[in-house]
Amino acid sequence: MKSGNRLAEALRSDTTGGLLLIGAAAIALLWANSPWGNAYESVRHFVIGPAWLHLDLALEAWAADGLLALFFFIVGNELKQEFINGQLRDPKKAMVPIVAAVCGVVVPAVIFTVINLGQGGEAANGWGIPMATDVAFAIAILAIVGRHLPPALRIFLLTLAVVDDLIAILVIAIFYTGGVNFLALVAVLLPLGLFAYLQRGRGLAAALNRSRVPNWVVYLPIIAAIWTLVHASGVHATIAGVAMGLLMRTGKQPGEKMDPSHRAEIGLRPWAMGLALPIFALMSAGVVFDGFGAIFTDTVALGIVIGLVVGKLVGIAGGAWLTTKLTSGRLDDSLAWPDIIGMSQLAGIGFTVSLLISELSYPDNASMLDHAKSGVLIGSLIATILAMVVLTIRNRHYQRRNAPPTVGTGFEST
């Protein structure tokens with residue numbers, strides 16, 4: 001196997017991607033809080049892109065809206081495979097993470113609101129901050145500590161995180177932006193429709209596959225149009241990645257060696273895990289740390305920390321449990337409730353979208369913004385540590401359970 005193929009194979013692993021992501025995040029945090037923090041901010045806010053398309057964006061925005069869209073395409077594509085051919089084909093199983101995601105959004109928002117409602121001023125504006133799960137970081141941590149955990153837990157987390165992010169994006173669009181450009185939203189249906197048509201593998205798409213024209217020559221302008229229009233609409237552009245991923249075709253046509261969904265997975269996952277996520281983490285994770293004191297003295301920070309650490313756990317695990325008790329929904333047979341508890345705590349990593357909503361909640365109040373960012377950082381860190389403890393215990397449980405039986409030598413004492 002060539003070295004390039006070995007590298008690509010390694011980068012398809014969630015564990016490798018997770019280590020790169022966490023390493024980049026650690027570099028960003030150290031850099032932002034070092035004497036060279038101003039240089040970090042200058043790099044992150046360096047503007048590049050065509051102004052005539054209103055795409056003259058900071059590098060931080062390109063990473064969060066552009067590169068992260070590639071990762072969300074991979075997530076959406078994988079979910080499509082699971083809904084069509086995998087564990088989520090059963091509506092009773094799919095129902096549980098979806099309802100859990102909704103509860104995991106509502107409970108942290110309620111907790112934050114209760115803590116900040118009587119404070120007056122702008123404090124209560126940040127109710128949306130503890131709502132979101134950072135799927136990239138959560139999947140990375142799960143991959144690192146959970147090599148022996150059931151694969152169904154990862155699918156549960158993916159489903160939950162996508163629904164969670166869709167709700168967060170809607171909340172941003174409705175409550176935290178000046179308005180949505182509905183013309184751009186309607187216009188994006190045209191390239192999305194063309195993208196979906198080409199996935200059928202018939203007619204023009206079949207002729208394209210038989211021709212010598214590389215597929216990317218046709219797809220790249222369509223993908224660029226979809227992303228640009230979604231960005232112009234005011235909706236977070238990562239939704240473009242999710243939409244295209246869910247539109248991918250998973251079944252092979254006659255004469256095809258591999259369907260488009262799996263072909264895209266193989267080709268694009270190394271780029272997402274090895275390039276897109278680490279750059280995204282480097283540009284987004286550099287939060288200037290304001291200290292632990294804000295947790296105890298500021299209700300904004302306190303509401304975020306409790307929302308992420310307690311609200312996510314109670315909302316997700318409680319919502320999943322109630323769904324199995326009150327409806328026909330059920331967990332996958334390979335999962336146990338301690339697994340769900342650990343995964344629910346892991347969903348308390350709110351990093352990127354939480355930081356984005358923090359900026360939108362307190363645009364003119366530097367003090368509250370600093371406290372909000374510190375709350376996101378500390379809450380995400382606490383949630384990560386608690387989740388790692390629980391999931392490490394569960395990982396060892398499954399490792400022991402799945403270990404092959406020891407073969408006796410015949411000399412053991414009886």
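Ser 361 is buried, because its relative accessibility is 3%. This residue sits in a predicted model, and its place is in helix H17. A polar atom of the Ser 361 side chain lies 2.7 Å from the backbone oxygen of Ile 357. Beyond neighbours within four places in sequence, Ser 361 is in contact with Glu 122, Asn 125, Gly 126, Ile 129 and Tyr 176.

**Two pockets**

Helix H17 also helps to line a pocket. It gives the largest share of the lining of the second largest pocket, 6 residues. The table sets out the two pockets.

| Pocket | Volume | Lining by class |
|---|---|---|
| Largest pocket | About 1,100 Å³ | 24 nonpolar, 7 polar and 3 charged residues |
| Second largest pocket | About 740 Å³ | 16 nonpolar, 8 polar and 8 charged residues |

Start with the largest pocket, with about 1,100 Å³ of space. Its lining counts 34 residues, and those closest to its centre are Leu 70, Phe 73, Leu 220, Ile 223 and Leu 268. Six elements give two or more residues each: helix H4 (59-85), helix H9 (189-198), helix H10 (204-210), helix H11 (215-233), helix H12 (238-247) and helix H13 (260-284).

The second largest pocket holds about 740 Å³ of space. Here 32 residues form the lining, and Glu 60, Ala 64, Leu 355, Leu 356 and Glu 359 are the closest to the centre. Helix H3 (37-44), H4, H11, helix H17 (351-361) and helix H18 (366-402) each supply two or more lining residues.

**Residues on H4 and H13**

Leu 79 lies in helix H4. Is Leu 79 buried or exposed? Leu 79 counts as buried, because its relative accessibility is 4%, under the 20% limit. Leu 79 touches Leu 88, Leu 158, Thr 159, Val 162 and Leu 246, leaving out residues up to four places away in sequence. One of these partners, Val 162, is 83 residues from Leu 79 in sequence, yet their C-alpha atoms are 9.0 Å apart.

Ile 279 lies in helix H13. Ile 279 counts as partly exposed, because its relative accessibility is 32%, which falls between the limits of 20% and 50%. Outside its neighbours within four places in sequence, Ile 279 is in contact with Ala 63 and Leu 67. Leu 68 is 211 residues from Ile 279 along the chain, with 9.3 Å between the two C-alpha atoms.

**Nonpolar cores**

In soluble globular proteins, nonpolar side chains tend to be buried together. The largest nonpolar core in this model has 79 residues. Which residues have the most contacts inside this core? They are Phe 71, Phe 156 and Leu 346. Helix H7 (residues 151-175) gives the largest share of this core, 13 residues.

Phe 156 shows what such a residue touches. Apart from neighbours within four places in sequence, Phe 156 is in contact with Val 96, Pro 97, Ala 100, Ala 320, Leu 331, Leu 335, Ile 340 and Met 343.

A second core is separate and has 20 residues. Phe 195, Ile 222, Ala 237 and Met 248 are among them.

Definitions and conventions. Residues numbered from 1 in each chain as written. Predicted model: local features only at pLDDT ≥ 70, side-chain atom pairs only at ≥ 80, totals over all residues. Heavy atoms only, no water. 1 Å grid on protein atoms, 1.4 Å probe; cavity = no way out; pocket = protein on both sides within 12 Å on 5 of 7 lines; lining within 4 Å. Points joined across faces, edges and corners; volume = space filled by probe spheres on them. Helix = DSSP H or I, 4+ residues; strand = E, 2+ residues; numbered from the N terminus. Nonpolar A, V, L, I, M, F, W, Y, C, P; charged D, E, K, R; others polar. Buried < 20%, exposed > 50% of the residue type's maximum accessible area, 1.4 Å probe, protein only. Polar contact = N/O pair within 3.5 Å; in protein donor to acceptor, adjacent residues only side chain to side chain. Contact = heavy atoms within 4.5 Å. Core = buried A, V, L, I, M, F, W, Y, C linked by side-chain atoms within 4.5 Å.
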